[in-house]
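Welcome! Please take a look at the model below, and then we can walk through how some of its parts fit together.

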Amino acid sequence: MFMKKRKLEKSIHTDLTRDDDYTGYLHLDRLLDSQIPLSDPPHHDEMLFIIQHQVAELWIKLVIHEIGAAIQYLRNDELPQAVKNLARVRHVQNQLYNQWQVLDTLTPVEYSEFRHVFGKASGFQSAQYRILEFVLGNKNAATMAVYRQQPDWYARLELALNSPSLYEEYLLHLQRCGMAIPQQSVDRDFSDARGEDEAVIAVLKVIYENRTDYWSQYEMCEALMDIANNFQFWRFHHMKTVERIIGHKPGSGGSSGVSFLKKALDFEFFPDLIRVRTEIGE
């Protein structure tokens, strides 16, 4: 018995050049030549480690892109469009989270056989990850020292550090809409991480307890909480993956390793949105 074959449709393009084909459009030659193991001879599992982190950087690039668009919509007071962008961010976060399951297949012995080849390199040094944290409100000027040898990235980080975060752009939107966000709540040094703000919490309480009247604002609040929670899930799985593979060894970037990652779990991006949940119904 012969297997049935699908015929190539006559309309399918075969007279292609490298300027208009799939490989050219996606620059696949450059992309697929970027996985260069340093182990000699190349360790089988180093390819997994490199691809895992490169793919994560691509997803983070898309998250930054989508949040940037959401911020622009907020500045234009187009809230439904901003919420749509953040819905896409949530799906990308799911991809980032599920990637850990692949890296979890790397055993401690396998990792120890090539860990030495990348020297001081560490995910902590990811400029995109730091921009993402800044855009979401985890501002820490001390981390800028890591990027002094990268002037282009340093400039982008400095801009993100000193600009309003996604949440602060939302508060500015609420103020323009006539809600009781006082000027001192938004007229501040944006390079500092913000804490709880009683006046803002009062406004959020109004939104939550009158969600029919403020449905778009209510949706935005929940979209922000989804992103914050997903980020925490990602951080937790990252910490547990590191613990599973290297135990409590120091991190390659000089940190204490797992204990350093655990401290990140104490930071909440949007503390007002956590606190309002305590206030609702009181």
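## Helices and a pocket

In this predicted model, helix α11 (residues 215–246) and helix α13 (residues 271–279) have axes that come within 10 Å and cross at roughly 115°. Axes here are lines fitted to C-alpha atoms, for helices over the stretch in contact, and angles run from 0 to 180 degrees between N-to-C directions. The helices α11 and α13 are therefore roughly perpendicular to each other; angles of 65 to 115 degrees count as roughly perpendicular, under 35 as roughly parallel, over 145 as roughly antiparallel, and the rest as oblique.

Which residues make the contact? From α11 come Cys 221, Glu 222, Leu 224 and Met 225, and from α13 come Leu 273, Ile 274 and Arg 277, where contact means heavy atoms within 4.5 Å.

Next, look at helix α3 (residues 46–75) and helix α4 (residues 79–103), which pack at an angle of about 170° with axes 8 Å apart. That makes α3 roughly antiparallel to α4.

Here are the residue classes of both contacts and of a pocket lining. Ala, Val, Leu, Ile, Met, Phe, Trp, Tyr, Cys and Pro count as nonpolar, Asp, Glu, Lys and Arg as charged, and the others, Gly among them, as polar.

| Place | Nonpolar | Polar | Charged |
|---|---|---|---|
| Contact of α3 with α4 | 22 residues | five residues | two residues |
| Contact of α11 with α13 | five residues | no residues | two residues |
| Lining of the second largest pocket | eight residues | four residues | three residues |

The second largest pocket is lined by 15 residues, and Ile 71, Val 135, Leu 159, Ala 160 and Ser 163 lie nearest its centre. On a 1 Å grid over the protein atoms alone, a pocket is an open set of points with protein on both sides within 12 Å along at least five of seven lines, and lining residues have an atom within 4 Å of a point. The largest share of the lining, six residues, comes from α3. Helices α3, α6 (127–136) and α7 (151–162) each supply at least two residues of this lining.

Now for the whole chain: 13 helices and zero strands, where helices (H or I, at least four residues) and strands (E, at least two) are DSSP runs, numbered from the N terminus. The C-alpha atoms fill a box of roughly 70 × 55 × 45 Å, taken along the principal axes.

Residues are numbered from 1 along each chain as its sequence is written, and side-chain values use heavy atoms, leaving out hydrogens and water. Local features need pLDDT of at least 70, side-chain atom pairs count only at pLDDT 80 or more, and totals for chains, interfaces and linings use all residues.

How values were computed: On a 1 Å grid over the protein atoms alone, a cavity is a set of points where a 1.4 Å probe fits but cannot get out, and a pocket is an open set with protein on both sides within 12 Å along at least five of seven lines; lining residues have an atom within 4 Å of a point.
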